[in-house]
Amino acid sequence: MEKKDKVIVAGLILVLFFIIINIFSTLHTMDDYEVRKESGNDRWKQVENRILQTEEKVNSLEEEIEKWKH
């Protein structure tokens, strides 16, 4: 092989190496995003449950007030 061919092969191997690193980095980032997304969804479910509980309490208090008025 000529020196030019060796340089081209070495360059291609280097580019392939960087592409593989990029693929693994992208997969890690996607997995991390999914984990964070699920964590955020769970938190919003907790917030929604608290809102529903508060609405139930308000409704029961409003009913109690109506009973006292009559």
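## Glutamate 34 and Lysine 37

In this predicted model, glutamate 34 has a relative accessibility of 36% and therefore counts as partly exposed, since that class lies between the 20% limit for buried and the 50% limit for exposed residues. The side chain of glutamate 34 meets that of lysine 37 in a salt bridge, with an N to O distance of 3.3 Å. Lysine 37 is likewise assigned to the partly exposed class, at a relative accessible area of 33%.

Both partners belong to helix 1, where glutamate 34 and lysine 37 stand three residues apart, or about one turn of the helix. Side chains of opposite charge can pair when their charged atoms come close.

## Further Salt Bridges

The structure holds three salt bridges. Another of these joins aspartate 32 and arginine 36 through their side chains, at 3.1 Å from N to O. Helix 1 spans residues 3-69, and because aspartate 32 and arginine 36 are four residues apart within this helix, about one helical turn separates the two. Aspartate 32 is partly exposed, its relative accessible area being 31%. Arginine 36, by contrast, is exposed, with a relative accessible area of 60%.

A salt bridge also links the side chains of glutamate 66 and lysine 69, with an N to O distance of 3.9 Å; this value satisfies the criterion, because a salt bridge requires the nitrogen to lie within 4 Å of a carboxyl oxygen. Glutamate 66 and lysine 69 are three residues apart in helix 1, so about one helical turn lies between them. For lysine 69 the relative accessible area is 63%, which places this residue in the exposed class. Glutamate 66 is partly exposed at 39% relative accessibility.

## Charge Distribution

Over the protein chain as a whole, there are 11 positive and 14 negative side chains. The centres of the positive set and the negative set lie 9 Å apart.

## Nonpolar Surface Patch

A nonpolar patch on the surface is formed by Val15, Leu16, Ile19, Ile20, Ile23, Phe24, Leu27 and Met30. Together, these residues contribute about 780 Å² of accessible area.

Leucine 16, one of the patch members, is located in helix 1. Isoleucine 19 also has its place in helix 1. The relative accessibility of isoleucine 19 is 43%, and this residue therefore counts as partly exposed; the value is compatible with patch membership, because patches are made of residues with over 30% relative accessible area.

## Chain Dimensions and Secondary Structure

The protein chain contains one helix and zero strands. Its C-alpha atoms fill a box of roughly 100 × 10 × 5 Å, taken along the principal axes. The radius of gyration of the protein chain is 30 Å, whereas a compact globule of 70 residues would have a value near 11 Å.

Two C-alpha separations illustrate the spacing along the chain. Isoleucine 19 and glutamine 46 are 27 residues apart in sequence, and their C-alpha atoms are 41 Å apart in space. Glycine 11 and arginine 36 are 25 residues apart along the chain, with 37 Å between their C-alpha atoms. Glycine 11 lies in helix 1 and is partly exposed, having a relative accessible area of 30%.

## Solvent Accessibility

Of the 70 residues in the protein chain, buried residues make up 0%. The accessible surface of the protein chain comes to about 7,100 Å². Carbon and sulfur atoms account for 63% of this surface.

Note on methods: Residues are numbered from 1 along each chain as its sequence is written. This is a predicted model: local features need pLDDT of at least 70, side-chain atom pairs count only at pLDDT 80 or more; totals for chains, interfaces and linings use all residues. Side-chain values use heavy atoms; hydrogens and water are left out. The radius of gyration is taken over C-alpha atoms; the globule rule is 2.2 Å times the number of residues to the power 0.38. Buried means under 20% relative accessible area, exposed over 50%, partly exposed in between (1.4 Å probe, protein chains only). Accessible areas come from the Shrake-Rupley method with a 1.4 Å probe; for residues, only the protein chains shown count as cover. Lys and Arg count as positive and Asp and Glu as negative; His and the chain ends are not counted. The place of a charge is taken as NZ of Lys, CZ of Arg, CG of Asp or CD of Glu. Patches are made of residues with over 30% relative accessible area and no salt bridge: like charges are joined within 9 Å, nonpolar side chains (Val, Leu, Ile, Met, Phe, Trp, Tyr) within 5 Å.
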